[in-house]
Amino acid sequence: MKPSILVQLDTDDQPSVFDSVVAIDAGAEHLLRHHGITPENVRDRVYGAIFTRGGEDLARTALFIGGSDVRRGEAVLAAVKKAFFGPMRVSAMIDSGGANTTAVAAVLAVEKHIALNGVTALVLAATGPVGQRAARLLARQGATVRVASRDLARAEQVCEAIRAQEPNARLSAVAAGKAEETAAAFDGVAVVIAAGAAGVELASAHVLTQARDLKVAVDLNAVPPAGLAGIDVMDKGKEREGRVCYGAIGVGGTKMKIHKAAVKRLFARNDLVLDAVEIYELGKAMA
Amino acid sequence: MKPSILVQLDTDDQPSVFDSVVAIDAGAEHLLRHHGITPENVRDRVYGAIFTRGGEDLARTALFIGGSDVRRGEAVLAAVKKAFFGPMRVSAMIDSGGANTTAVAAVLAVEKHIALNGVTALVLAATGPVGQRAARLLARQGATVRVASRDLARAEQVCEAIRAQEPNARLSAVAAGKAEETAAAFDGVAVVIAAGAAGVELASAHVLTQARDLKVAVDLNAVPPAGLAGIDVMDKGKEREGRVCYGAIGVGGTKMKIHKAAVKRLFARNDLVLDAVEIYELGKAMA
Amino acid sequence: MKPSILVQLDTDDQPSVFDSVVAIDAGAEHLLRHHGITPENVRDRVYGAIFTRGGEDLARTALFIGGSDVRRGEAVLAAVKKAFFGPMRVSAMIDSGGANTTAVAAVLAVEKHIALNGVTALVLAATGPVGQRAARLLARQGATVRVASRDLARAEQVCEAIRAQEPNARLSAVAAGKAEETAAAFDGVAVVIAAGAAGVELASAHVLTQARDLKVAVDLNAVPPAGLAGIDVMDKGKEREGRVCYGAIGVGGTKMKIHKAAVKRLFARNDLVLDAVEIYELGKAMA
């Protein structure tokens, strides 16, 4: 069997060390690290991956798309898929900004404590890459999801984008800029995932105390102050005022395990595309 | 014995994934991949290769020059040789644009079916890097070679360049732009190699039918329409109208084997320079 | 135990092949090579190194700062240290321009032949990165050091910089531009290290003959003419006119051994910072 090769396609100016270390720890024997990858220049990288090894050996080469900009990563993934033809393809994974593995880890953390089918869930800052993926995954599991943003129009757009992927999703856009809006958004909510920017408080202690139905709260912000007031970055299933709480580092261990498992999985076959849903299924099977 | 290290010196903006995968499959234990290599900045790379390991270990480090631009690659190779001094050198190979391994594979394909000594061979689009190398190799094996181009003056220049390398070569420049010219160029020709640009027909079905002495035809164009009308890209020794035919993919398997063997060969000693002729000799020994 | 990973942080436009080969020969199993590293962009590289592996595995990742510009390397090292927090750190080494390993090898060469405590030592071209480090290391071992430069003001600055690091150092700045100045600088000197630019003679044969107390002379210039007239680049403990002499290549073997040992040492723990003094201690322990 030929050595495994992971082609790291990073859209930033420097390739991610984080992604490389995880890849090595997932068992990738050789890393071909690229930076400055664009939808235009990725085609020849893909050709180099699909035209060198044949038959079963094709599964020993795989692609990893990363970098801080999730939109750019998605454009690169689209270009990668376009460069494949027929059986000439290798497996590919996208985890730009860690968005997929983070969203999956957050949703899996929630599911340890509550069955999602039929519950009402709220995603704060749901228009970012992590929030959007978390909302989609919650909806796929049967939750009624409130997609919250300061900007209601953008929240509506995200709902539409998710509905295009998940026709059965129960979604509604809600505004959550002012405190009263956020308080209203929590009404009847059992699960909240806060996916906001570093150091931005999305829900105050007062708002959270009023959220009487809240059972599980996940805050993905690692930089103080917390996105959900009162949650510690290290919280990992910690009970606070009757709610199970997770902080960013508390979710981090699962995120890392899923990331590694997904990279390992790439070498099982030559035709996988691991995006949010596929990575969720993988994480679910591990749990 | 120290681990083998291949320093990949690529003249493009991104290092070739193709060359890297082949190097790994050839057994290179470590790859040091560089892009944006120029004759100016390559010197310090060479110094890093020759001043770090001594004695027999020097043979465990080697250089591979690649990238899409063959002229640039040749300029880098010249700078590499200039940076060596005395016994302080490592083995180096150039295969920019795959030109060497492609030309060698084409000529070896021909030689499976006909002895070149004394035959008349035609190279279409002979002024490009692959064509020029194919013409040279055919001439070295004793063929009388017609070096064809739309531009007769450029064909003449290529003949002169080859004669400077191979004083005994039997070469003539021929114009092959218009159909009549191409038809005339085929007169008495037993072997043709078409080395033109992707998707450009160099000889029509009519011209080929008229080429009565033609026995072996190799078309290196992988993108339809074929360079030699009627040849399929997958042809590999396929008989068509009494001629043995090869298409680009039909030649590709041999090309890949030669590429791998050449990389492996680099680590046998520390003083090899593998360019067209040396790679041909290597391919010949494998056949 | 996880595979060892060395993150090569190079401040030049191309990562050093020299540093990579030495790292591989020191046993680093994976190299993550970066070029164009600045104090600004290094932080995310450090985060990738410290946030991926935990516990004892943290010692299996390390950082190497290199590149031709020592000042830039030092600024990167400062930024690296700033990015660490608490126990979240990995070991790091700086050898930009080979300055640390060269200065250490030079001082260790001297100490094979003379005990430094109490002797008078002269460093020519002491304001450069190698010279400054050599002066510091000599002073730490108890020598009275003359810090020489064509520019006395710059020599004074270097003395102050060293005193800030080594409060007990016995140092004086001396001008050594004109021949008379250099001759005077040698008065009573038992040890000289010449750390000047390639191909620049710092002390003539005449000046050296007059230096009656001189016992050990090290010239780190590899390009003729020699920095100390009469020393051959290959000299390695060679006696010339009653003095023990070392040339650049004569010191090179020790330099390389120290470089390799230092890289290997990085993986022993996760909290080492190997700069001039630490590398000296390591080299001393090997001698």
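In chain B, strand 4 (residues 91-94) and strand 12 run in the parallel sense and pair over two bridges. Within that pairing, A92(B) sits opposite V273(B) of strand 12. Keep in mind that this is a predicted model. From this pair of strands we can work outwards to the sheet, then to the chains around it.

**The sheet in chain B**

- The pair belongs to an open sheet of five strands, in the order 2-1-3-4-12, with parallel pairing.
- Strand 2 (30-34) and strand 12 (273-274) of chain B stand at the edges with a single partner strand each, so one side of each has no neighbour in the sheet.
- Helix 1 (residues 17-25) of chain B packs on this sheet, where it touches strand 1 (5-10), strand 2 and strand 3 (61-66) of chain B.
- The direction of that helix makes about 165° with the direction of strand 2 of chain B.
- Another chain joins in here: helix 1 (residues 17-25) of chain C also packs on the sheet, touching strand 1 and strand 2 of chain B.
- For helix 1 of chain C, too, the angle with strand 2 of chain B is about 165°.

**How chains A and B are related**

- Turn chain B by 120°, shift it 0.1 Å along the axis, and it lies on chain A with an RMSD of 0.1 Å.
- The two copies are thus related as by a three-fold rotation axis.
- Only 12% of the interface residues of chain B are also interface residues in chain A, so the copies meet through different surfaces.

**Where chains A and B meet**

- On the chain B side, 17 residues are in contact with 18 residues of chain A.
- Together the two chains bury about 1300 Å² between them, and 63% of that is on carbon and sulfur atoms.
- Q14(B), V17(B) and I24(B) are the residues of chain B that lose the most area to chain A, together making up 43% of what that side buries.
- The interface of chain B and chain A has two salt bridges.
- One salt bridge links the side chains of D25(B) and K2(A), at 3.8 Å from N to O.

**A spot in chain C**

- A134(C) is part of helix 5 (residues 129-140) of chain C.
- With 0% relative accessibility, A134(C) counts as buried, because the cut-off for that is under 20%.
- Beyond its neighbours within four places in sequence, A134(C) is in contact with A103(C), V107(C) and I193(C).
- A134(C) and A276(C) are 142 residues apart along the chain, yet their C-alpha atoms are separated by 8.8 Å.

Note on methods. Residues are numbered from 1 along each chain as its sequence is written. Chains are lettered from A and ligands numbered from 1 in the order in which they are written. This is a predicted model: local features need pLDDT of at least 70, side-chain atom pairs count only at pLDDT 80 or more; totals for chains, interfaces and linings use all residues. Side-chain values use heavy atoms; hydrogens and water are left out. Helices (H or I, at least four residues) and strands (E, at least two) are DSSP runs, numbered from the N terminus. Buried means under 20% relative accessible area, exposed over 50%, partly exposed in between (1.4 Å probe, protein chains only). Contact means heavy atoms within 4.5 Å. Copies are superposed by least squares on the C-alpha atoms of residues with pLDDT of at least 70 in both. Two strands pair if DSSP finds at least two bridges between them. Axes are lines fitted to C-alpha atoms, for helices over the stretch in contact, and angles run from 0 to 180 degrees between N-to-C directions. Buried area is the accessible area (1.4 Å probe) that two parts lose on being put together, summed over both. A salt bridge is a side-chain nitrogen of Lys or Arg within 4 Å of a carboxyl oxygen of Asp or Glu.
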